[in-house]
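Got your viewer open? Let's walk through this one together, a selection at a time.

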Amino acid sequence: MIQEAFDAFNAQNYSKALELFETLAIQNNPTALSSLGYMHQKGLGVESSLERSFLLYSQAAELNEPAALYNIALMYADGVVVEHDQFKSYELMLRAAILEFPQAQFEAALALERGLGCVQNFSEAAFWYEEAAKRGNANAFNNLGVLYKEGHGVPQDYARAFICFSRAANANLAEGQYNLGLMYDQGLGCDMNNDTALEWCRKAAYNGHEKAKSIIRSLQEEGKIVF
């Protein structure tokens, strides 16, 4: 039945999806509870209610449903429905990360890198960035690349940083494209190549990276490139 519910949801048949998820939720199905929470949060097939959403997420979180843990963590971080509590947010995010929820792994790493709701720990941040990166999170590849480039929490390793930035850049992440351009520009972890550096900077600018846009504008004004 859960697959039937997801099929209806993906087909935007929200009334049917709602009915099926509610039937399963009565049986304490954690996935159905979490999905209902999302539908109430976004107002899909039902009037939007953050309070109802939080309640459903909470029920699913008690059953260790990772998406629910992640979404409640965001609510605590943003002070939505509940009072802002960065420590509670981190605790919930870490639980979801341990359950292999990729976006939670990235957010837990970000919290550890910045010391949000926890003691700042670059090596732990690197661990969770790597876990998220293994599951295809482009932002995690980029941030892990920064740690390797700077030697924060991991041994400084330009070759590894280059690989991480390459993965992020090829996933069309503007920040990764910009960072990869810098690596080529400085010859870090790769042979210096100003043309390739410019190519990646252009891609980053096209994807909205403000610093890359500024660099491209400066080069145009100096007559060094024709975009």
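Start by selecting Gly136: just after helix H8, this glycine takes a positive phi of about 90°. Keep in mind that you're looking at a predicted model.

Now step back along the chain and select residues 122-134. That's helix H8, with 13 residues. From its first C-alpha to its last it reaches 18 Å, close to the 18 Å expected at 1.5 Å a residue.

Next, show the side chains of H8. Which of its residues are buried? Colour Ala125, Ala126, Trp128, Tyr129, Glu131, Ala132 and Ala133, and you have the buried ones. Here's a handy idea for looking at that pattern: an α-helix has 3.6 residues a turn, so residues three or four places apart point the same way.

What covers those buried residues of H8? Add three selections: helix H6 (86-98), helix H7 (102-114) and helix H9 (138-150) are among the elements that do the covering.

Time to zoom out and select the whole chain. Switch to cartoon view and you'll find 13 helices and zero strands. The C-alpha trace spans about 65 × 40 × 30 Å along its principal axes. Of the chain's 227 residues, 45% count as buried.

Turn on the surface: the chain exposes about 11,800 Å², and carbon and sulfur atoms supply 48% of that.

For the last stop, colour by charge. You'll pick out 17 positive and 28 negative side chains, and the centres of those two sets lie 5 Å apart.

Definitions and conventions. Residues numbered from 1 in each chain as written. Predicted model: local features only at pLDDT ≥ 70, side-chain atom pairs only at ≥ 80, totals over all residues. Heavy atoms only, no water. Helix = DSSP H or I, 4+ residues; strand = E, 2+ residues; numbered from the N terminus. Buried < 20%, exposed > 50% of the residue type's maximum accessible area, 1.4 Å probe, protein only. Areas by Shrake-Rupley, 256 points an atom, 1.4 Å probe, with all protein chains shown as cover. Lys, Arg positive; Asp, Glu negative; His and termini not counted. Charge placed at Lys NZ, Arg CZ, Asp CG, Glu CD. Expected span 1.5 Å × (residues − 1). Contact = heavy atoms within 4.5 Å.
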